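Hello,

Here is the structure I promised to pass along. Have a look at it first, and my notes on what turned up follow below.

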Amino acid sequence: MMGRSRRLNRSDEGMAALGAMISVVVLSCMLLVATTCADLLSSRQHAAGAADVSALAAAPDAVVAPDDACPRAEQIASLNGARIVSCQVEGDEVLVRVAVTPRTSWARWVARLVASSSDTVVAARARMDPTQG
């Protein structure tokens, strides 16, 4: 009896294939969630960097020529792949808010769900005061 192979019941046939398919679907979903989160985090960092650089570039203009500060910030933001959502010059300070569109369609969809508007962007803001060392 040791040498004989055990016959499977008819109800067991195909269970390995079903288990493999379920595993592939679960792993695919996990990969989709991971890449979406990575894209959202990357977009957030991109927006934060663009906001910082834009505010930094506009800060000297806020002191010398306040009317030129926001156009300068807009120029720098566009060079960094972002767009200005708002720009305010308050005395010597420049407050810049920029937006970046995520790369993947799933990340854009999640950003649209989370955002209060229908805009599919990840936003960040930065404040720069050239007089504060």
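Two strands are taken to pair if DSSP finds at least two bridges between them. By that rule strand 2 (residues 93-100) pairs with strand 3, since 7 bridges join them, and the two run antiparallel. One of the partnerships involves two arginines: arginine 97 has arginine 125, in strand 3, as its bridge partner. Please keep in mind that this is a predicted model.

The sheet as a whole is open, with 3 strands in the order 1-2-3 and antiparallel pairing. Strand 1 (83-90) and strand 3 (122-128) form its edges, each pairing on one side only. From one strand to the next, the twist averages 10°.

Two helices pack on this sheet. Helix 1 (residues 15-64) touches strand 1, strand 2 and strand 3, and its direction makes about 30° with that of strand 3. Helix 2 (residues 66-79) touches strand 1 and strand 2, with a direction at about 155° to that of strand 1.

You may also like the packing between helices. Helix 1 and helix 3 (residues 105-114) meet at an angle of about 70°, their axes 9 Å apart. Angles of 65 to 115 degrees count as roughly perpendicular, so helix 1 is roughly perpendicular to helix 3. The crossing of helix 1 past helix 3 is right-handed. On the helix 1 side, Leu32, Thr36, Asp39 and Leu40 make the contact, while helix 3 contributes Trp106, Ala107, Val110 and Ala111. Sorted by class, the contact of helix 1 with helix 3 has 6 nonpolar, 1 polar and 1 charged residues.

Best wishes

Technical notes: Residues numbered from 1 in each chain as written. Predicted model: local features only at pLDDT ≥ 70, side-chain atom pairs only at ≥ 80, totals over all residues. Heavy atoms only, no water. Helix = DSSP H or I, 4+ residues; strand = E, 2+ residues; numbered from the N terminus. Axes fitted to C-alpha atoms, helices over the stretch in contact; angles between N-to-C directions. Contact = heavy atoms within 4.5 Å. Parallel < 35°, antiparallel > 145°, perpendicular 65-115°, else oblique. Left-handed = near helix turned anticlockwise from the far one by under 90°. Nonpolar A, V, L, I, M, F, W, Y, C, P; charged D, E, K, R; others polar.
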